[in-house]
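This report walks through the strands, helices and charged pairs of one protein chain. Keep the sequence and the 3D view at hand while reading.

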Amino acid sequence: MPQLKIGINCSILSSAIGSLNQDDSVDLIITQGLIASHEAAHFNYLNKPVIAPVVADRILQSLPYNNGISNKHNYSYVASSQSVEKDILQFYKLTPFKQLLIPIDPVILKALPALRTITNRIQQELGFNLTFFPVDSSLKSILREMPKNIDAVYFPPFARFSLADHKAFSDGLINRKIPSFSLLGRQDLELGFMATLNGRKMDSLRFSRRIALMV
């Protein structure tokens, strides 16, 4: 029977991937998480196949890509049409805002410096103000502590919070009549977020099949 080894997404994530990369008892690595998938893409050399199922924005993350393939030895991922820039532009068309809040895991903000560059350019082009809100322990802290003048929220993936947490956060935004846009997609839409461009049910099925074929 194949042996399953699980690496936890934490401050030692990169070294954990490195250890698995050197472990002769491991034949295949599946990076179950956005940061793990991102970190693996930027390893100098991968000794064994790595499948990265969680990608938020291929361009923003500077993932290897050439004519439909990663073009990086032993690294495979599913490239979707998700784009932070495209999302924010569409969000602004739906409901022009002046003060946009993006709650975000500090680890992701540190790992993706291009996120600040892209969002700064967009806000200068459209003339709104952007606030990044670091989220460590709970989504409730956003509702309690976010600036009073926020009139829109762009919501990136938060895998460590439950659907109930997402629902409570969405309900809080609805009560305050603050429009929201989800990067993740339909799952958040069904929980009450206002809009999304991603996550069709057919896409989820195709995604699962693609990962199985890679394995």
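Two strands count as paired if DSSP finds at least two bridges between them. The model discussed here is predicted.

**Strand E6 and its neighbours**

Strand E6 covers residues 152–155. Three bridges join E6 to strand E7, which spans residues 180–182, and the two strands run parallel. Within this pairing, Tyr154 of E6 stands opposite Phe181 of E7. E6 also pairs with strand E4, residues 99–104, again in the parallel sense, over two bridges. Here Leu101 stands opposite Val153.

Where do the side chains of E6 point? In a regular strand the side chains alternate between the two faces of the sheet. In E6, Ala152 and Tyr154 point one way, while Val153 and Phe155 point the other way. Are these residues buried or exposed? All of them are buried.

The chain passes from E6 to E7 by way of a helix. E6, helix H7 (residues 163–175) and E7 make a β-α-β unit, and this unit is right-handed.

**The sheet of E1, E2 and E3**

A further topic is an open sheet of three strands, with the order E1-E2-E3 and parallel pairing. Its edge strands are E1 and E3 (75–77), each of which pairs on one side only. E1 and strand E2, residues 50–52, are joined by two bridges and run parallel. Ile29 has Val50 in E2 as its bridge partner. Strands of a sheet pair through backbone hydrogen bonds, either parallel or antiparallel.

**Helices H1 and H2**

Which residues of helix H1 (residues 13–22) are buried? They are Leu13, Ile17, Gly18, Leu20 and Asn21. Seen down the axis of H1, the buried residues fall within an arc of 165°, so they line one face of the helix. The elements that cover these buried residues include strand E1 (29–30) and helix H2 (34–41).

His38 has its place in helix H2. His38 is buried, because its relative accessible area is 7% and the cut-off for buried is under 20%. What is His38 in contact with, leaving aside its neighbours within four places in sequence? The contacts are Gln61, Leu63, Ala111 and Leu112.

**Two loop residues with positive phi**

Asn71 is found in the loop between E2 and E3. Asn71 has a positive phi of about 60°, although it is not a glycine. With 56% relative accessibility, Asn71 counts as exposed. Lys177 lies in the loop between H7 and E7. The phi of Lys177 is positive, about 60°, and this residue is not a glycine either. Lys177 has 76% relative accessibility and therefore counts as exposed.

**Salt bridges**

How many salt bridges does a search of the whole structure find? It finds three. The table gives each pair with its N to O distance.

| Pair | Distance, N to O |
|---|---|
| Glu85 and Arg121 | 3.2 Å |
| Glu125 and Arg121 | 3.4 Å |
| Asp171 and Lys167 | 2.9 Å |

The side chains of Glu85 and Arg121 meet in a salt bridge. This pair links distant parts of the chain: Glu85 is in helix H3 (residues 84–94) and Arg121 is in helix H5 (residues 114–126), 36 residues apart. Glu85 is partly exposed, with a relative accessible area of 27%. Arg121 is also partly exposed, with a relative accessible area of 33%.

Arg121 forms a salt bridge with Glu125 as well. Glu125 and Arg121 are four residues apart in helix H5, so about one helical turn separates them. Glu85, Arg121 and Glu125 are thus linked in a network of salt bridges.

Asp171 and Lys167 form a salt bridge too. Why are Asp171 and Lys167 separated by about one helical turn? They are separated in this way because they are four residues apart in helix H7. Asp171 is partly exposed, with a relative accessible area of 30%, and Lys167 is partly exposed, at 34%. Helix H7 also belongs to the right-handed β-α-β unit with E6 and E7.

Terms used: Residues are numbered from 1 along each chain as its sequence is written. This is a predicted model: local features need pLDDT of at least 70, side-chain atom pairs count only at pLDDT 80 or more; totals for chains, interfaces and linings use all residues. Side-chain values use heavy atoms; hydrogens and water are left out. Buried means under 20% relative accessible area, exposed over 50%, partly exposed in between (1.4 Å probe, protein chains only). A crossover is right-handed if, with the strands pointing away from the viewer, the path from the first strand over the helix to the second runs clockwise. The arc is that of the directions from the helix axis to the C-beta atoms. Contact means heavy atoms within 4.5 Å. A salt bridge is a side-chain nitrogen of Lys or Arg within 4 Å of a carboxyl oxygen of Asp or Glu.
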